[in-house]
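Here are a few exercises to work through with the coordinates open. Try each task before reading its solution.

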Amino acid sequence: MQVYKSDRKQAGVAVFEVLAVVVVLALVVGAGMYVAHKHKTPSQAASNTSNSQTVTTKPGTTANVDQLVEQAASSEQTSASSYDTQYQQAATSSDSAMSNMGGAYNDSSF
Amino acid sequence: MTQVFRTAASAGTALAVVLLAASPASAAVLHSPQLADTTNTNGAFCTGLASKANAITSKLNGLNSKVGDAWKNQDTKLSSLASETDQKIASSRTAADTKRDNAFKQLEAKATTDSEKTAVQTYEASVNQAVTTRRNAYDAARSAFRDGVKNAILSRRSTMSSQATTFMDATTSAFATAESSCSAGTDSTTVRQTLISSLHSARQTFVSDRQSDSKVGDTVKQLAATRNAAFKAADQAFQTSLQNAAATLKAAFGNQASSID
């Protein structure tokens, strides 16, 4: 009888643990999706900018040509500058490796 | 007498007092165990020095190797960014060419006379030329940006590499001096203090030098600003060319100009 009670208790604990793991996983996945949504890649952002450009001028006019070529120029600028932050990060990406050399030893430990 | 001391104080203290009272020579005997301990410690310090030096050298080499790896990754990342940008812009240009060709066709459809048709062709050629000039200017600006970033990084690497070499050499030298001093029989306490001081100095110099390194992130920002300014300058020339081409076309269309405006 004692053994039966203990088994039921253990089963209850196991179910609780599984539920806890499921909840934690759901939270992690949810947070990941939120972060991914917030931080679109520059190429995605540039693509979205390019796609969102709408033509407001009348077709068959010089204004229409002007608008199209100016939008194209703007799109190129966006594509180029959308990587600036990544360039900055890449430019300093080796800094930590170099700084680690300074921590090669603790001179006072000798 | 001895018994009295032993009951009045601890055995060690009593023994010391007794020995000191006995003779000055006994005092040396009293302190000899301490001297022997110090000698053993110092001996251990000198004996283990080569091993410590090897360990530190090995660690420094490992960290230096990681810097090399970080630089390789940096090159790969920069190359990837350049490639990604180029692909994005090439794709954008192809799409823009298609849209422009379609716009030209719609404009051509409005030209009814030969002179108007010729004017439209001239206009198209002018716009295409303006686009090509603008694209070339953009390419040159982007290329200057990349070269600038690359040069800033290479220059900084050269400086950092020199700092790392100085640091490693100073560390190696500090250990070599310590080992040499140990071999020469210099008091190991002095050897140790000198080693600590030298290593501290080497590390402080490295850290200090690193702090004065150029801020490459700021350089990248400045290069981006310069590139964007070049974009704007190209845009202004581009706008002027477009306005001139449009004005010429409208003049050719005469009183029908409103149909293409």
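**Exercise 1.** Work out the order of the elements in chain B.

*Solution.* Going from the N terminus, you get α-α-α-α-α-α-α. Counting them up gives 7 helices and 0 strands in chain B. Keep in mind that this is a predicted model.

**Exercise 2.** Check whether the end-to-end span of helix H4 of chain B agrees or disagrees with its residue count.

*Solution.* Start with the count: H4(B) covers residues 49-108, which is 60 residues. At 1.5 Å a residue, taken over one less than that number, the helix should span 88 Å. Now take the C-alpha atoms at its two ends: they sit 87 Å apart, so expectation and model agree.

**Exercise 3.** Find out how much of chain B is buried, then list the buried residues of H4(B).

*Solution.* Call a residue buried when 20 or more other C-beta atoms lie within 10 Å of its own. By that test, 23% of the 261 residues in chain B are buried. In H4(B), the test picks out Leu49(B), Val67(B), Thr85(B), Lys88(B), Ile89(B), Ser92(B), Ala96(B), Ala103(B), Phe104(B) and Leu107(B).

**Exercise 4.** Take apart the contact between chains A and B, looking at the side that belongs to chain B.

*Solution.* First, the head count: chain B puts in 61 residues and chain A 42 residues. Next, the elements of chain B giving two or more residues are H4, H5 (114-183), H6 (188-211) and H7 (216-253). H4(B) gives the most, with 25 residues. Last, sort chain B's side by residue type: 36 nonpolar, 9 polar and 16 charged.

**Exercise 5.** For contacts in chain B between residues at least 6 apart in sequence, find the share that joins residues at least 24 apart.

*Solution.* Filter on the sequence separation, and that share comes to 73%.

Definitions and conventions:
Residues numbered from 1 in each chain as written. Chains lettered and ligands numbered in written order. Predicted model: local features only at pLDDT ≥ 70, side-chain atom pairs only at ≥ 80, totals over all residues. Helix = DSSP H or I, 4+ residues; strand = E, 2+ residues; numbered from the N terminus. Buried ≥ 20, exposed ≤ 12 C-beta atoms within 10 Å, placed from the backbone. Contact = placed C-beta atoms within 7 Å. Nonpolar A, V, L, I, M, F, W, Y, C, P; charged D, E, K, R; others polar.
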